[in-house]
Structures are given as structure tokens and as C-alpha cells.
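Colleague: I have a model open and some terms I would like explained. Could we go through them one at a time?

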Amino acid sequence: MITRRQLGQASVAGLGASVLGAPAIAQKRGGEVVVAQQAQPPSLDAQTTTAQASRNINLHIYETLFARDEAGNPMPDLAEGVDISSDGLTYRFALRTGVKFHNGKVMDATDVKASLERYGKVGGSAFIMRPVDAIETPDARTVVVKLKEPYPGFIAGLSSPRAPCAIIPADEAAKEANRIEIIGTGPFRFVEYRPDSHVRLARFDDYTANTNFRERDGFGGRKTAHFDAITIRFMPEGGARTAGLQTGELHVLEALAVPAAQRLRTDRNIRTYEMIPWAYQTLMMNHAQGPTNNVAFRRAVQAALDLEEIMAISTDGLYRMTHGWQHPGTTYFAGDVGKELYNIKNPDRARALLREAGYRNEEVIVLSDSSFSNHKAAGEVTAEQLKAIGVNVRLVVLDWPSALSQRTRREGWHIWTLMLGIEPYEGPYGVVGFFSGHAPVQHERDPVIEDAQRRLTTSLAEADRKKAVADFQARMYDQAIAIKCGDVGIVQATRANVENYKPYRIPRMWDCWFA
């Protein structure tokens, strides 16, 4: 049994050890920090969207029962902890007391119950709620979740920042997707959203910090908002972001182009933070329409592509070549499974597979976007490489929200360029979940992947779950479900007067301040 005492003390002990003996840092309150990101958010209803552009904003506004620490492990956040029954079917959460929503209401168990139930209907990772049989609220501070079957990834799901299971007021949780008022419990509150321009947040002065911790830790810990306000600007053009950072118009960049980062390393007014691995560069394939519904055609694509050329050009050199659908060195890394089919670079084999597929010069649409430079570059290189083996390719470049919307349709695209970042950071559940369930990215469910997902999410034995991930990876390569090109790195950047900034999965604007 895992108790809330064990979870809470483990997290606090680890955090405390990290700061013992550290010198005191002078902190300054005030000012408005301006952050630039590449795309505008498709939604500020945090539960509904998996988009990084939304996550950058939403995780300042909303919080979850459990969050992820600096290493990506689950940790208590709005919950004090959890007691899990020995059969893995009952989760008893004790809630932190006195936590306020931005509308002044104190959070209680009814808000949590309503939020969890809503997530099961509209959540971007709604599959995490599928095993839930009942949610009970014996008192205002306690939520009991009962499962129909064991689900060892339940806490991992609740703590996921991918499409966060945000806790919102019960009145808002009764509303449909994208109909809510933007109200959370986070250190910053929503002020305004101007499409194609910016989102503005303000410090929530009644924020209830988590006093079980001494400082920030990943998406949890003790968060302190020093800035009066945050303006998050949407700037798809990399040169404009770089120029804004140099002039001081911008203070923080979600991503700085690699050549610009190299050029600015000697600029005393700017600090750069290199992070690798950040994401997978992938090519998702639509199995709902031809010719990508033909496994021989997909294998032709797999055989044709020079993945290192795609990575080198799309990342400006900040990448690594790895085949795994989990990061090396992590619990669920599947070793050499599928490696022989990674980065084959064999045009003759590809042409033979096109003949086997009966390919007759049908148009193949490569869908990309203009908001993320690596997406666009990956699409351009992929298109040229496929043309070289005789594929009739048309590259379609949309803005990010439009591309994201288009890929949800069963028609109008065949190959979609996507940087998959948050899912592999979290572990296997989101990655396998991306290709399984009621709405897999490829639009047609694969029985082997569905079985792997079932075993991953229900087996209490770690060895069984690891075997499920290995089987998933083998199937991804054997059937060319999608193409993993490699691991992407990014560079975050700030003005030098932004003190105590620490790079992470989003530009966190708590626990940092102007010098």
C-alpha cells in the first residue's frame, strides 16, 4: 500500500536535500514579464487540449491532484497524498485545505469529483478515466475513486501535464468542452485572450502555496509568483522572436533557433538553456484513406526516408538518432526492438514496396504547419525524399491550430509532421495511448497495439507492462504505423535580468523574478 505520508515525505525529503546549504537568493516582486511562444493556443480549457501552445499558458492557471516533479515522477499537488488499496482498486485522496479558486471559492471534494467526471467525457487523455467505476466524497476533504479493474497507470494519468486533469469549480465542470470560464487554483489568473496576439495573466494574490515543499519542483512543489503579470505573445516567426529578445521587448522565449542561440552565446544580456531530449520528431500516417491505409505503401515510406537528413535539417543540428518509442535509460525502454527497421535509407527497397502496394501515382498529402519551424522543415525534406522514389507528393502548410484540426479528420491528409514531446517525457502511457483507444492518431485501431495498451494499463506486474511496451514498439516498426525520425533538442532563452529561471517542459514563470 502506498500511503499519502510515504508519498509526501519522499517528495519533501528529496526536495529538501536539493536545497540544503544553498545560499539565500534575493527575490524581487513586481513587473510584467513578456514570454514569446511559437503558436497560439487552440483552447484554454486545459482538460480538452494536448497542445504545447495551450500547456504553456494553462499550467500557470490550473493545477491537478498530482503533478510531475523535476524528473517527471508523480508527486502530490492539490492532494496531500493517496492511499491505494492492496488490490489496486481503491484510491483515497486527502485534499489540501484552504485552496482557493480564482473566483474566491474554496476548493472541496465536490469540485474534484465534478472535474474528474468531466475529464472522462472531454479530456484529451480521457482514457485514464475509463477504468473508474465510482467517485465518492465522504467529506469535504476526501475523494475516493473506485476502479472496475486495476490500472497501475492511474496516478501517472492524473499527474500528466499532456492534457492536464485540471481541477475547476463544480459549476464550471458541468459545462461542455470549451464553454467554461477560465478559473483554476494556480499562481496566476486569467485576464484576457486576444487571438493572433497574446494571452495576459495576473498574479493571483490569494494563491494557496503548497507548504509541504520548500520550492518549485517540476509542475508541483511550492510555487511563488513574483511577477505582477505575464503576457504570452504568439510569434511564429523565429527571427522576430530573436530580435525581440535582443532589444528587451521580450524577456523569455519558449524556443530560440539553434543558429541564433550559437550566435548569442557571448551576449551578456541573454541566457540560453539547451535541453535534449525534448521531443520525438515523428511522421504520423493516416490509415483511414489510401494509399497510407496500405501497409506495403507505409513500409515503402519507412524504407525510403533518410531520417538523419530530416533531423539534421529540421533541428539545425540539435538532435540525436534513437529508434526507441521510450527514452534510453528509462524503465520502459525496449532495447533493440525494431531497430533493424529504423533509418533504412534504401530507395530500391522502397520502390519495390511501392510496386507491391499497387501504387498508381495517387496524390499523397504531407500536412505540416508554419508555426513550428521543425515541423515545416521536416515536411519539406520528407516530401522531397518521397518524390525521389516516385511518390506524387503535395506539401500542405497551415497554421498550427488548422493543421491540428485537419489531422483529426479521416480525409485530407496522409502524413503529418509532429513533434511528440510531453508523452515520452511522462513514460509509456501517453505514447501507447496516442495510437490506441477510441481516437488513435492513425484513425484505425490496430489489434496488437490495443492489446498492448490493455496489458500496459491493467497489469500490476512491471515485467508484464514492459513486455507490452516492447510489443507495441515491435508493431510500430513491423506495420510502419508511424515513423519516428529521432530525438529533438530545443533551446530556451531569457534576458539576463530574469533571475532564477530554470528550463522545463514549459517556461515556468513562478519562482523567478527580475533582477
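Colleague: How do the residues of the lining of the largest cavity divide into nonpolar, polar and charged?

Modeller: This is a predicted model. In it, that lining divides into 6 nonpolar, 6 polar and 3 charged residues. Gly157 and Gly430 are among the residues nearest the centre of this cavity, and they count as polar because glycine is put in that class. Tyr429, also nearest the centre, counts as nonpolar because Tyr is on the nonpolar list.

Colleague: What makes a space a cavity and not a pocket?

Modeller: In a cavity a 1.4 Å probe fits but cannot get out, whereas a pocket is open. A search of the whole structure finds 5 cavities of 30 Å³ or more. The largest has a volume of about 100 Å³, and the second largest holds about 90 Å³.

Colleague: Which elements supply at least two residues each of the lining of the largest cavity?

Modeller: They are α4, residues 154-158, and α14, residues 428-434. The largest share, 3 residues, comes from α14. The lining has 15 residues in total.

Colleague: And what lines the second largest cavity?

Modeller: It has 14 lining residues, with Leu59, Thr64, Ala67, Asp77 and Phe219 nearest the centre. Strand β2, residues 66-68, gives the most, with 3 residues. By class, the lining has 7 nonpolar, 3 polar and 4 charged residues. Asp77 is nearest the centre along with the others just named, and Asp counts as charged.

Colleague: How much space lies in the second largest pocket, and which residues are closest to its centre?

Modeller: About 900 Å³ of space lies in that pocket. It is lined by 36 residues, and the closest to its centre are Pro74, Pro152, Ala156, Tyr332 and Tyr429. Elements giving two or more residues to the lining include β2, α4 and α14. The most comes from α13, with 3 residues. The lining divides into 20 nonpolar, 11 polar and 5 charged residues.

Colleague: How do you know that β14 and β19 pair?

Modeller: Pairing needs at least two bridges between the strands. Strand β14, residues 270-285, and strand β19, residues 482-495, have 12 bridges, so they pair, and the sense is antiparallel. In one of these bridges, Met275 has Ile490 of β19 as its partner.

Colleague: What about β14 and β18?

Modeller: There are 6 bridges between β14 and strand β18, residues 415-420. The cut-off is at least two, so these strands pair as well, again in the antiparallel sense. Here Met285 has Ile415 of β18 as its bridge partner.

Colleague: Why are β4 and β6 called edge strands?

Modeller: The open sheet has 4 strands in the order β4-β5-β7-β6, with antiparallel pairing. β4 and β6 are the edge strands because each pairs on one side only. From one strand to the next, the twist averages 20°. β4 and β5 have 5 bridges between them, and Ala79 has Leu95 of β5 as its bridge partner.

Colleague: Which helix packs on this sheet?

Modeller: Helix α3, residues 109-122, packs on the sheet and touches β5, β6 and β7. The direction of α3 makes about 170° with that of β6. Angles run from 0 to 180 degrees between N-to-C directions, so this value puts the two directions close to opposite.

Colleague: How do α9 and α11 pack?

Modeller: Helix α9, residues 307-315, and helix α11, residues 373-387, pack at an angle of about 145°, with axes 8 Å apart. The crossing is right-handed.

Colleague: Which residues of α9 meet α11?

Modeller: They are Glu309, Ile310, Ile313 and Ser314. Their counterparts in α11 include Ala377, Ala378 and Val381. The contact residues divide into 5 nonpolar, 4 polar and 1 charged.

Colleague: Which peptide bonds are cis?

Modeller: One joins Ile276 and Pro277, with omega about 0°; Pro277 is found in strand β14. Another runs from Gly290 to Pro291, with omega near 5°. Pro291 lies in the loop between β14 and α8.

Colleague: What is the phi of Lys345?

Modeller: Phi of Lys345 is near 55°, a positive value in a residue other than glycine. Lys345 lies in the loop between β15 and α10.

Technical notes: Residues are numbered from 1 along each chain as its sequence is written. This is a predicted model: local features need pLDDT of at least 70, side-chain atom pairs count only at pLDDT 80 or more; totals for chains, interfaces and linings use all residues. Side-chain values use heavy atoms; hydrogens and water are left out. On a 1 Å grid over the protein atoms alone, a cavity is a set of points where a 1.4 Å probe fits but cannot get out, and a pocket is an open set with protein on both sides within 12 Å along at least five of seven lines; lining residues have an atom within 4 Å of a point. Grid points are joined across faces, edges and corners, and a volume is the space filled by probe spheres set on the points. A crossing is left-handed if the near helix is turned anticlockwise from the far one by less than a right angle, and right-handed if clockwise. Contact means heavy atoms within 4.5 Å.
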